[in-house]
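Good morning, everyone, and thank you for making the time. Before I begin, please have the sequence and the model open in front of you, so that you can follow the residues as I name them.

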Amino acid sequence: MIRILLDSSADYSAQEAKEHNLELVPINITFNGKNYLDGIDITKDEFYDLLTSSEEFPKTAQPSPQDYVDLFEDAKEKGDSIVYLSLSSSLSGTFQSATLAKSMVEYDEIYLVDTLSATRAIRIMAEYACKLREEGNDAATIAEKLEEFKSRVVILAALDTLEYLSKGGRLSKTAAAVGELANLKPIITVTPEGTIGVPAKALGRNKAISTLTKMITEKQIDTTFPIYSLYAVGEENTEKLEQKLGKEGVRVTKRLQIGPTIGCHVGPGAYGVIFVTK
């Protein structure tokens with residue numbers, strides 16, 4: 001059997017993972033001294049309620065190597081293969097934990113794919129992996145095809161506030177204050193190296209939505225794959241983006257919520273689109 005494994009940064013719910021025959025390794029979230037397992041002890045809405053009401057910024061921690069060892073040992077014992085799609089190694093240590101665990105287990109039928117991406121982009125890759133599995137490909141072929149595919153998956157999003165980038169230490173308080181005063185709305189993406197990039201900045205929300213729409217429609221979108229719109233908390237910005245994209249002939253397949261791993265940095269009001277290029 002081929003088992004497709006993800007960490008919870010892919011933002012699948014436990015129920016969705018079960019429906020798609022996927023396995024999840026939860027990322028740890030610490031809030032006000034209390035530990036949660038992403039997607040198990042805390043829902044996305046509960047997380048954002050805490051994020052917006054608490055003075056303390058949450059801490060996230062990747063699964064330990066032992067979390068992976070337990071899964072890998074089970075696969076080895078049963079003679080199963082594993083294809084693991086990790087959160088970008090440039091954003092988290094999940095890939096490193098899995099790599100260490102594989103060396104400890106000493107089992108060749110474990111294939112680790114560093115997606116160099118995050119959140120729902122990993123979902124598109126997981127759906128592609130499931131399709132390849134259904135078509136009868138072996139684990140090595142699935143991993144190889146995912147390595148070729150991952151560079152085609154694009155995230156483009158806009159932030160409604162700089163507050164949470166500042167709270168998370170990814171932007172200085174001074175820069176955040178100046179940006180908020182100027183009503184600056186950064187457009188963000190995940191770079192080919194798997195880091196967060198800022199390809200554009202806009203003054204005000206309407207300009208940000210227009211800029212985002214232009215950047216998306218300039219891409220050669222492969223419509224044989226889904227186009228997902230994204231929101232953190234509050235769907236108004238996403239609705240406006242979808243309407244603007246619709247006028248340009250881009251039809252969104254489904255609207256999905258960003259989970260805690262990325263959500264704690266982008267903050268409420270963040271919105272965007274994930275798609276596959278030709």
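I will go through the core, one helix, the aromatic residues, the cysteines and two loop positions in turn.

Please keep in mind throughout that what we are looking at is a predicted model.

Let me start with the interior. The largest nonpolar core has 53 residues, and those with the most contacts inside it are L6 and L146. The element that gives the most to this core is helix α5, residues 119-134, with nine residues. Apart from this core lies another one, of 19 residues, which includes A202, M215, V250 and Y271.

What does L146 touch, if we leave aside its neighbours within four places in sequence? Its contacts are V83, L85, V113, M125, Y128 and A129.

L146 also brings us to helix α6, residues 139-149, whose buried residues are A139, I142, A143, L146 and F149. These buried residues cover an arc of only 125° around the axis, which puts them on the same side of α6. As a reminder, an α-helix has 3.6 residues a turn, so residues three or four places apart point the same way. On the other side of α6, E144 and E148 are exposed. As for what covers the buried residues of α6, the list includes strands β1, β6, β7, β8 and β13, together with helix α5.

Now to the aromatic residues, where the count comes to seven aromatic pairs. One of them is F47 with Y48, an edge-to-face pair at 5.2 Å centre to centre, with 70° between the planes. Both F47 and Y48 are buried, and together with F31 they form one aromatic cluster.

Another pair is Y128 with F225, whose ring centres are 5.9 Å apart and whose planes stand at 70°, so this pair too is edge-to-face. The pair links distant parts of the chain, since Y128 is in helix α5 while F225 is in the loop between α9 and β11, 97 residues apart. Are these two residues buried or exposed? Y128 has a relative accessibility of 16% and therefore counts as buried, the cut-off being under 20%, and F225, with a relative accessible area of 18%, is buried as well. Elsewhere, the charged end of R123 sits over the ring of Y228, 5.5 Å from the ring centre.

A word on the cysteines, for anyone thinking about redox chemistry. A disulfide is a covalent bond between the sulfur atoms of two cysteines. A search of the whole structure finds zero disulfides. C130 is buried, with a relative accessible area of 7%, and C264 counts as buried at 1% relative accessibility.

Finally, I would like to turn to two loop positions. S88 is placed in the loop between β6 and α4, and because its relative accessibility is 0%, S88 counts as buried. Not counting neighbours within four places in sequence, S88 is in contact with D114, T115, L116, S117 and G194.

D38 is in the loop between β4 and α2, and D38 is buried too, with a relative accessible area of 8%. Beyond residues up to four places away in sequence, D38 touches S8, S9, P26, I27, I29, P260 and T261. D38 and R255, by contrast, are 20 Å apart in space, C-alpha to C-alpha, and 217 residues apart in sequence.

That is what I wanted to show, and I am happy to go back to any of these places.

Technical notes. Residues numbered from 1 in each chain as written. Predicted model: local features only at pLDDT ≥ 70, side-chain atom pairs only at ≥ 80, totals over all residues. Heavy atoms only, no water. Core = buried A, V, L, I, M, F, W, Y, C linked by side-chain atoms within 4.5 Å. Buried < 20%, exposed > 50% of the residue type's maximum accessible area, 1.4 Å probe, protein only. Helix = DSSP H or I, 4+ residues; strand = E, 2+ residues; numbered from the N terminus. Contact = heavy atoms within 4.5 Å. Disulfide = S-S within 2.5 Å. Phe/Tyr/Trp six-rings, centres within 6.5 Å; stacked < 30°, edge-to-face > 60°. Lys NZ or Arg CZ within 6 Å of the ring centre and 35° of its normal. Arc of directions from axis to C-beta.
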